[in-house]
Amino acid sequence: MEKVMSGEGKKVCVTGASGYIASWIVKLLLQRGYVVNATVRSLNDPTKTDHLLALDGAEHRLHLFEANLVEEGSFDSAIHGCDGVFHTATPLKFNSENPEAEVIDPAVKGTLNVLASCAKSPSVKRVIFTSSTAAVSHTDTPLTNETVVDETWFSSPECCKGKIGECYLLSKTLAEDAAWKFAKENGIDMVSINPAAVIGPMLQPTTNITTFFFVFNLINGSETYSNATFGWVHVKDVAEAHIRAFEIPTANGRYILSETVAHFADLVKMLRELYPNSKLPNKCADDEPLDATYKLSNEKAKTLGIEFIPLKIALKETVECLKEKFNITTTVEGEWFLQQ
């Protein structure tokens, strides 16, 4: 007897569907048999739509909608009649000359617009909100090698200020806070997914993914590596966790997603093992003590049945994707370069 797919007969909406994580969510949803209403900023932009329309199952079960985060009611038609909503749409900018208008307002108001559309649709049983560890780990508590950060931690806006990517950290922190308040006040069953730095292959043809540039800079002849530590997680694990958080009835609250926490020095070491002939940085960008490799708890994520893909594999798949998508090659001396 043929196995019934978990999503057969169910319709869900994915906002910001052309994005890095969202494209993978759409791919896995279609594989499971879901009907997917996917929102994009422009139906006339093939870089936003073509890779989605090419997915297996898209011809009969993928429906594209145009929606704008800052336009009230913009998501109503895409969400109407859906069993669940995956809200991933958000501006992905680490730097901005006008952070309020370009990053923070669209993230916060956009989240509230999407949730307002969910509140109008009685068919919606659960909302999966894509947050970030940016909304978790920036607190008054100093991060040391012994610190374990878990889902009870909430970043404060004050602690985000002055840090690299301040506007992005603020946007994720304020958006998640607003989302929880709205969900509670309106009786929405919401689960938050809080991934660390996401790497792994991408499905879309172009990228503004900061984590991709982190990796590219390491393999592109840089003399130094950043004195910084991040949690790292494979994009497939992030997409899978979103869907399981929707499908498992007992899923609740927040889920940190991080396979491991590693300093950029650790990434260079892994890259040297993977690509021994490549020119890689051999010293840190400053003489300060190396940033602490604190812990991001993945115990709760494991209750979703996630078996994390190791960082070394995620790193290799990221580099191979960069080579394939952007025609990165190496010189005789082992230095990588990006062909236009």
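User: Which residue in β2 does Lys 11 stand opposite?

Analyst: Val 35 is the one opposite Lys 11 in β2. Right after that, Val 12 stands opposite Val 36 in β2. Before we go on: this is a predicted model, where local features need pLDDT of at least 70 and side-chain atom pairs count only at pLDDT 80 or more, while totals for chains, interfaces and linings use all residues. Residues are numbered from 1 along each chain as its sequence is written, and side-chain values use heavy atoms, with hydrogens and water left out.

User: What makes β1 and β2 a pair?

Analyst: Two strands pair if DSSP finds at least two bridges between them. Strand β1 (residues 11-15) and strand β2 (residues 35-40) share four bridges, so they meet that rule. Their sense is parallel.

User: What do you mean by a strand in the first place, and a helix?

Analyst: Both are DSSP runs, numbered from the N terminus: a helix is H or I over at least four residues, a strand is E over at least two. On that basis the protein chain has twelve helices and 16 strands.

User: Why is β1 called largely enclosed?

Analyst: It comes down to burial: a residue is buried under 20% relative accessible area, exposed over 50%, and partly exposed in between (1.4 Å probe, protein chains only). Four of the five residues of β1 are buried, so the rest of the structure largely encloses this strand. Its partner β2 is mostly covered too, with five of its six residues buried.

User: How do you know that β5 is mostly covered?

Analyst: Strand β5 (residues 126-130) has five residues, and five of them are buried. As background, side chains in a regular strand alternate between the two faces of the sheet. In β5, Arg 126, Ile 128 and Thr 130 are on one side and Val 127 and Phe 129 on the other. Every one of these is buried, which covers both faces.

User: Which strand runs parallel to β5 and is joined to it by four bridges?

Analyst: Strand β7 (residues 190-195) does. Strand β4 (residues 84-87) also pairs with β5 in the parallel sense, again over four bridges. Ile 128 shows both links nicely: Phe 86 has Ile 128 as its bridge partner in β5, and Ile 128 has Val 191 as its bridge partner in β7.

User: Just before β5 comes Lys 125, in the loop between α5 (99-120) and β5. Why does Lys 125 count as exposed?

Analyst: Its relative accessibility is 55%, and exposed starts over 50%, so the label fits.

User: What is Lys 125 in contact with, leaving aside its neighbours within four places in sequence?

Analyst: Contact means heavy atoms within 4.5 Å, and Lys 125 has such contacts with Asp 83 and Asp 189. The C-alpha atoms of Lys 125 and Ile 188 are separated by 7.9 Å, although they're 63 residues apart along the chain.

User: And why does Glu 71 count as partly exposed?

Analyst: At 46% relative accessibility, Glu 71 falls between the 20% and 50% limits, so partly exposed is the right name. You'll find Glu 71 in the loop between β3 (62-66) and α4 (76-79).

User: Is Tyr 20 buried or exposed?

Analyst: Buried: its relative accessible area is 8%, and the cut-off is under 20%. Tyr 20 lies in helix α1 (residues 20-31). Not counting residues up to four places away in sequence, Tyr 20 touches several residues, including Val 198, Pro 201, Met 202 and Phe 212.

User: Phe 212 belongs to α8. Why is α8 described as largely enclosed?

Analyst: Helix α8 (residues 210-219) has ten residues and seven of them are buried, so the rest of the structure largely encloses it. Among them are Thr 210, Phe 212, Val 215 and Ile 219. After α8 comes Gly 221, whose phi is positive, near 85 degrees.

User: Zooming out, how do you know that the radius of gyration agrees with a compact globule?

Analyst: The radius is taken over C-alpha atoms, and the globule rule is 2.2 Å times the number of residues to the power 0.38. For 340 residues that gives a value near 20 Å, and the protein chain has 20 Å, so the two agree. Buried residues make up 52% of the 340. Among contacts between residues at least 6 apart in sequence, 78% join residues at least 24 apart.
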